[in-house]
Amino acid sequence: MFGKRGPAKIIISIDKKAIAGDINSHSHSQGDISAPDKNKSEISENYFLIKTVILNALIDAIDIVKLDRLDAVTAREELRDVANEIFSVKNIVLSMAEQEQMLDDICNDILGFGPLEPLLARDDIADIMINGPSQAFIEVNGRIELVSLRFRDGSHLLNICQRIVGQVGRRVDENSPICDARLLDGSRVNVIGPPLAIDGATLTIRKFKKDKLTLENLVRFGSMPRCVANLLAIIGLVRCNVIISGGTGSGKTTMLNCLSGQIDSSERIITCEDAAELQLQQPHVVRLETRPRSLEGTGEVTMRDLVKNCLRMRPERIIVGEVRGPEAFDLLQAMNTGHDGSMGTLHANSPREALSRIESMITMGGFTLPQKTIREMICGSVDIIVQAARLRDGSRRVTHITEVVGLEGETILLQDLVLYKIEGEDKNGKIIGRHVSTGIGRPRFWDRARYFNKEIELAAALDELQSLAVVEA
């Protein structure tokens, strides 16, 4: 009954009469049992009922302590053996595909994240959005799609959410219904549960590709021409202080990962994030993560605490996952006091707006500095602003590479090096556009590039960009 490998190591006992009673108590005949059809938009209630009965019998029959000691592959094999035994005792006859589907679902419920597992395994999904136990959406290629995925009930969904956030020492319950966390692969997770979420817990997962993206990948995907990628690579190499701005889902974190890939492997990098999601490839990286306050109101560690502490850790570069508060002041201080090449992201719709947001965040942090002083600090700290955008067809593009030139009176002067020009759309609704040079042949960071012996590569990248614009014009 248990297959060729013999009885499962994790089994305690299988009470055949009790299990048979479970099925009989639900008054289901063999013909009523059916697994979900992947072509149908909804999974049958009967499938969930049968799966719940088998799952409960499985939990009663196994030793959870022994199960926890097994590695993931062995534990899944053992669970499948015991579940197959229960199928036999219940005298349930399903097709091979149906039984495999139910076995996978049961193993995912016990060992993983339940119905989320198939979506988490797909590398083409950018976002998973669970709106209560019976509605789920995903984003693929910039488009949002409804998918056939549901949980047994609200408690099942909340249990999965608690399992996810528990991996990183966070909690979500009625007393703490909002939580930011991450998966082990770095994917960002946000949970908001009852009573704030009226229709059941809402789970949002921002997935990141298993293969770390590089600027070369972005060129191959058509996100930018090679000359723009070369320019960005030089900006990263010569230790320019960079702010990456953009809207939600515009690719800011991806661009930050790509730019950080240009950092020399000998440099000491310290990252500060609310939920650790950066995928740096250098060997000398220290990753720091904020901590929310406890239910007693103590123990909070803010982003500003982390950035201030970074200065005592002998960093060569400081990377802030997202600047959203008074830590903007400390990041500017770091950029202006010998930590060249520091980077951060923030939400803004244009380079000019990005600087205004930095100014606003410093002011809201309680700093009583004159406006001109703040702007002088910004000009002395930030070298480059890279603007990312998600276009209406779902594609993501770098729309501006902009230099901070200086201050004239109380106005910060900006100089665009590269712009993305939209020229229309094709018959399929895809945006047609191109990156063009603004004609700047000698950017402000030219002397910095010369210091790092990169002025020849910089000149070649700018020349290629200008010739490209002329040819396509």
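This is a tour of a predicted model, stop by stop, with what to select and what is there.

Residues are numbered from 1 along each chain as its sequence is written, and side-chain values use heavy atoms, with hydrogens and water left out. Because the model is predicted, local features need pLDDT of at least 70 and side-chain atom pairs count only at pLDDT 80 or more, while totals for chains, interfaces and linings use all residues.

**Stop 1: strand S1 and its partners**

Select residues 125-131, which make up strand S1. Helices (H or I, at least four residues) and strands (E, at least two) are DSSP runs, numbered from the N terminus. In S1, 5 of the 7 residues are buried. Buried means under 20% relative accessible area, exposed means over 50%, and partly exposed is in between (1.4 Å probe, protein chains only).

Now add residues 136-140, strand S2, which pairs with S1 in the antiparallel sense over 5 bridges. Two strands count as paired if DSSP finds at least two bridges between them. To check the register, pick Ile128 in S1 and its bridge partner Ile138 in S2. The two strands form a hairpin with 4 residues between them. In that turn, Gly132 has a positive phi of about 85°.

Next add residues 202-206, strand S6, which runs antiparallel to S1 and is joined to it by 5 bridges. Here Ile130 is the residue to pick, with Leu203 as its bridge partner in S6.

**Stop 2: the hairpin of S14 and S15**

Select residues 411-425 (strand S14) and 431-437 (strand S15). They pair in the antiparallel sense over 7 bridges. S15 is largely enclosed by the rest of the structure, because 5 of its 7 residues are buried. Between the strands of this hairpin are 5 residues, and Gly429 takes a positive phi near 85°.

Which residue in S15 is the bridge partner of Lys421? Lys421 is paired with Arg434. Show the side chain of Arg434, since it also meets Glu423 in a salt bridge (2.5 Å, N to O). A salt bridge is a side-chain nitrogen of Lys or Arg within 4 Å of a carboxyl oxygen of Asp or Glu. Glu423 is in S14 and Arg434 in S15, so this pair ties together parts 11 residues apart in sequence. Arg434 counts as buried at 16% relative accessibility, whereas Glu423 is partly exposed at 48%.

**Stop 3: other salt bridges**

The structure holds 21 salt bridges. Side chains of opposite charge can pair when their charged atoms come close.

Select Arg324 and Asp274, whose side chains meet in a salt bridge (3.5 Å, N to O). Arg324 lies in the loop between strand S10 (317-320) and helix H12 (327-335), and Asp274 in the loop between strand S8 (269-273) and strand S9 (285-289), so the pair ties together parts that are 50 residues apart in sequence. Arg324 is partly exposed, with a relative accessible area of 48%. Asp274 is partly exposed too, at 24%.

Then go to Asp330 and Arg304, a salt bridge with its closest N and O atoms 2.5 Å apart. The pair links helix H12, which holds Asp330, to helix H11 (residues 303-310), which holds Arg304, across 26 residues. Is Asp330 buried or exposed? Asp330 counts as buried, at 7% relative accessibility. Arg304 is partly exposed, at 23%.

**Stop 4: the nonpolar cores**

A nonpolar core is a set of buried Ala, Val, Leu, Ile, Met, Phe, Trp, Tyr and Cys residues joined through side-chain atoms within 4.5 Å. The largest one has 39 residues. Select Met224, Leu232, Ile235, Val242, Met255, Ile401 and Phe445, which touch the most other members. Helix H9 (residues 226-237) gives the most to this core, with 8 residues.

Centre the view on Ile235. Leaving aside residues up to four places away in sequence, Ile235 touches Cys240, Val242, Ile384, Ile401 and Phe445; contact means heavy atoms within 4.5 Å. Apart from this core lies another, of 34 residues, including Met313, Phe329, Ala334 and Phe367.

**Stop 5: cysteines**

How many disulfides are there? The count comes to 0, a disulfide being a pair of cysteine sulfur atoms within 2.5 Å. For Cys272, the nearest cysteine sulfur is that of Cys310, 3.2 Å away, and Cys272 is in no disulfide. Cys272 is buried, with a relative accessible area of 0%. Finish at Cys240, which is buried with a relative accessible area of 0%.
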